[in-house]
Amino acid sequence: MFSIIEERASDRTTVEDLARLSLGNRLTDSPAARMRTGTDPVPGLSMIVLENDELVGTIRFWPLLIGSGTKAIQLGPMAIHPDHRGRGFARMLIRYSLDRAQSLGHRIAVLIGDHALYERYGFVPAQPLGITVPDIEDRERLQVLALAPGALDGLSGVVRGDTIPSLGDDRLLA
Ligand SMILES: CC(C)(COP(=O)(O)OP(=O)(O)OC[C@H]1O[C@@H](n2cnc3c(N)ncnc32)[C@H](O)[C@@H]1OP(=O)(O)O)[C@@H](O)C(=O)NCCC(=O)NCCS
């Protein structure tokens, strides 16, 4: 029996250990990681998968700006514990959290990752739209998704991290 719930303050260490185990150096040394530097996760969108009280999956989102200041959210890191991969948890976690982002009013999701993994959720390569990240080697890995109709229309420019008011965990997770 599994459930998808919002990450609680008490999950933080386990979530970060799982992300480190799954992503290694990419967790802190990558273009995606650099866009997360100095900011906090988007409130209400850090989700975990629990199975029999064991934390087996995590996804977080981070605030971004595109071009002249259009707000977006960055998906990642996402990680499923190695013992539980191939069971559809990532698919459920992504779908659930993107639906939730949409219902919270977020309009654009961005990520740096394998297109093969994310195209099924509607992500499209960002570069042909003129949406870029300066220091990314593999430019086709930058992908975007409109969460609201027309959200990407006419949008172009550089993607960068945003800052949001720094909230304590209790307030973030309230
Ligand atoms: C990538 C990861 C999250 C997938 O988790 P998972 O629970 O095994 O994935 P699912 O079982 O939900 O599979 C979802 C689908 O994605 C596919 N998939 C999984 N990893 C993939 C990859 N790297 N590239 C392309 N497709 C992939 C699966 O084959 C499956 O396809 P299907 O529905 O057609 O069978 C997991 O392997 C992981 O934690 N990897 C290490 C961390 C990582 O790379 N995170 C992503 C970048 S932040």
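**Briefing: the ligand shell, strand β4 and the core**

Around the ligand, at least two residues of the shell are supplied by each of α1, β4, α3 and α4 (115-118). The model described here is predicted, and strand β4 is a useful thread through it, since β4 recurs in each of the topics below except the loop between β2 and β3. Among the contributors to the ligand shell, β4 gives the largest share, with 5 residues.

**The shell around the ligand**

- The ligand is surrounded by 18 residues, and the closest of them are Ser22, Ile80, Arg85, Ala90 and Arg91.
- By character, the residues of this shell divide into 9 that are nonpolar, 5 that are polar and 4 that are charged.

**Strand β4 and its partners**

- Strand β4 is mostly covered, with 9 of its 11 residues buried, and β4 (70-80) is also one of the elements that give two or more residues to the largest nonpolar core.
- On one side of the pairing scheme, β3 and β4 run antiparallel and are joined by 9 bridges, one of which can be followed through Phe61, whose bridge partner in β4 is Leu75.
- The hairpin that β3 and β4 form has 3 residues between the strands, and in this hairpin Gly67 takes a positive phi near 60°.
- The pairing of β4 with β5 is parallel and consists of 2 bridges; here Ile73 has Ala109 as its bridge partner in β5.
- Together with α3, the strands β4 and β5 make a right-handed β-α-β unit.
- Within strand β4 lies Pro77, and the peptide bond that leads from Gly76 to Pro77 is cis, with an omega near -5°.

**The largest nonpolar core**

- The largest nonpolar core holds 43 residues, of which Leu64, Ile73, Ile108, Ala109, Val110 and Val144 touch the most other members.
- The elements giving two or more residues to this core include the helices α1 (12-23), α2 (31-36) and α3 (89-103), and also the strands β2 (47-51), β3 (54-66), β5 (108-112) and β8 (142-146).
- When its neighbours within four places in sequence are left aside, Val110 is in contact with Leu64, Ala72, Gln74, Val144 and Val159.
- Ile73 and Ala109, which are bridge partners, are both among the core residues that touch the most other members.

**Loops on either side of β3 and β4**

- The loop between β2 and β3 contains Asn52, a residue other than glycine whose phi is nonetheless positive, near 50°.
- Asp53 is found in the loop between β2 and β3 as well, and its phi is also positive in a residue other than glycine, near 70°.
- Asn52 counts as exposed because it has 7 C-beta neighbours inside 10 Å, and Asp53 counts as exposed because it too has 7 C-beta neighbours inside 10 Å.
- The loop between β4 and α3 is the place of Pro82, which counts as exposed because it has 11 C-beta neighbours inside 10 Å, while a residue must have 12 or fewer to be called exposed.
- Pro82 and Val56 are 26 residues apart in sequence, and in space their C-alpha atoms are 8.6 Å apart.

Note on methods: Residues numbered from 1 in each chain as written. Predicted model: local features only at pLDDT ≥ 70, side-chain atom pairs only at ≥ 80, totals over all residues. Core = buried A, V, L, I, M, F, W, Y, C linked by C-beta atoms within 7 Å. Buried ≥ 20, exposed ≤ 12 C-beta atoms within 10 Å, placed from the backbone. Helix = DSSP H or I, 4+ residues; strand = E, 2+ residues; numbered from the N terminus. Contact = placed C-beta atoms within 7 Å. Near = placed C-beta within 6 Å. Nonpolar A, V, L, I, M, F, W, Y, C, P; charged D, E, K, R; others polar. Pairing = 2+ DSSP bridges. Right-handed = clockwise from strand over helix to strand, strands pointing away.
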